[in-house]
Amino acid sequence: MRVPLGFVTAAVFLAAAQPNWTSLACGLLLVVPGVWLRGYAAGYVKKNAELTRTGPYAYTRNPLYLGSMAIAAGFAVAAWRWWLVVLLVTMFLAIYIPVILSEENFLRGAFPGFEEYAHRVPRLLPRITPARFEGLNGAGAGFDPQRYRHHREYNAAIGAAAIYAVLILRMLFRGRL
């Protein structure tokens, strides 16, 4: 459901966007950190194999989704249409709240330490300082570029660049097409 809805939303977004140079620059202030956060988180997570509690996962339980939300917010700013903000927020709430809750149910059943982790690390908005957990000695707990590649998180950067390219073209050729 996420992917088809994402494509429909992207088509509506690109058709309705009315960017300008200022909105594009301001949007990048959210898009770039969002792409970075997704990539950083992907280099830590071992999906379904272990409960990741290091790196960005020591600040928020869902850094990938937080990064996605920052990217979407940046696109909304770049598009320079207030109703697109409403559309993107609605889409994220409709998709990500059930996904996060479902993933938490899985993690609760799969990893005995999840309750302690959930108690100490916020679901979405990050802590100021990282949560510390006993038994994590740092071995194998750092960013792994191979994991980043395995999760193909570079696609987020490619997608963001492609959307920005379309927004720039749309802006440059507005009124000429």
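Lys46 sits in the loop that runs between helices α2 and α3. Helices here are DSSP runs of H or I with at least four residues, strands are runs of E with at least two, and both are numbered from the N terminus. Leaving aside neighbours within four places in sequence, Lys46 is in contact (heavy atoms within 4.5 Å) with Thr52 and Arg147. Lys46 and Arg147 are 101 residues apart in sequence, but their C-alpha atoms are 7.8 Å apart in space.

Before going on, please note that this is a predicted model, in which local features need pLDDT of at least 70 and side-chain atom pairs count only at pLDDT 80 or more, while totals for chains, interfaces and linings use all residues. Residues are numbered from 1 along each chain as its sequence is written, and side-chain values use heavy atoms, with hydrogens and water left out.

**The whole protein**

What does the secondary structure come to? The protein has 7 helices and 0 strands, so the order from the N terminus on is α-α-α-α-α-α-α, with helices assigned as DSSP runs. The C-alpha trace spans about 60 × 30 × 30 Å along its principal axes. Of the contacts in the protein with a separation of 6 or more, 80% join residues 24 or more positions apart. The protein has 177 residues, and 38% of them are buried. Buried means under 20% relative accessible area, exposed means over 50%, and partly exposed lies in between (1.4 Å probe, protein chains only). About 10,300 Å² of the protein is exposed, and carbon and sulfur atoms supply 67% of that area.

**Five residues and their surroundings**

Here is where some residues lie, and how open each one is.

| Residue | Place | Relative accessible area |
|---|---|---|
| Ser68 | helix α3 | 11%, buried |
| Cys26 | helix α2 | 37%, partly exposed |
| Lys46 | loop between α2 and α3 | 30%, partly exposed |
| Trp80 | loop between α3 and α4 | 52%, exposed |
| Arg152 | loop between α6 and α7 | 51%, exposed |

Two residues in the table have a backbone feature to look for. Trp80 is not a glycine, yet its phi is positive, at about 60°. Arg152, also a residue other than glycine, has a positive phi near 55°. Ser68 has contacts with Arg38, Phe92 and Tyr96, once its neighbours within four places in sequence are set aside. Cys26 and Gly55 are 29 residues apart in sequence and 27 Å apart from C-alpha to C-alpha.

**Helix α2**

Helix α2 has 22 residues, and its first and last C-alpha atoms are 31 Å apart, close to the 32 Å expected at 1.5 Å a residue. That expected span is 1.5 Å times one less than the number of residues. Helix α2 bends by about 30° at Leu28; a bend is the angle between axes fitted to the seven residues ending at a position and the seven starting there. At the N-terminal end of α2, Asn20 acts as a cap, with a side-chain oxygen 3.0 Å from the backbone nitrogen of Thr22. The buried residues of α2 include Leu24, Val31, Arg38 and Ala42. Among the elements that cover the buried residues of α2 are α3, α6 and α7.

**Helix α4**

Does the length of helix α4 agree or disagree with what its 29 residues should span? Residues 82-110 make up this helix, which should span 42 Å at 1.5 Å a residue, and the 41 Å between its end C-alpha atoms agrees with that. There is a bend of about 25° at Tyr96, and Pro98 follows within four residues. Tyr96 is one of the buried residues of α4, as are Phe92 and Glu104.

**Two nonpolar cores**

A nonpolar core is a set of buried Ala, Val, Leu, Ile, Met, Phe, Trp, Tyr and Cys residues joined through side-chain atoms within 4.5 Å. Which members of the largest core touch the most other members? Among its 15 residues, they are Phe13, Leu24, Val31, Phe75, Tyr164 and Leu167. Helices α1, α2, α3 and α7 each supply at least two residues of this core. Not counting residues up to four places away in sequence, Leu167 touches Phe13, Leu14, Ala17, Pro19, Leu24 and Ala78. A second, separate core has 13 residues, including Val45, Leu51, Tyr57 and Phe111.

Terms used: Areas by Shrake-Rupley, 256 points an atom, 1.4 Å probe, with all protein chains shown as cover. Polar contact = N/O pair within 3.5 Å; in protein donor to acceptor, adjacent residues only side chain to side chain.
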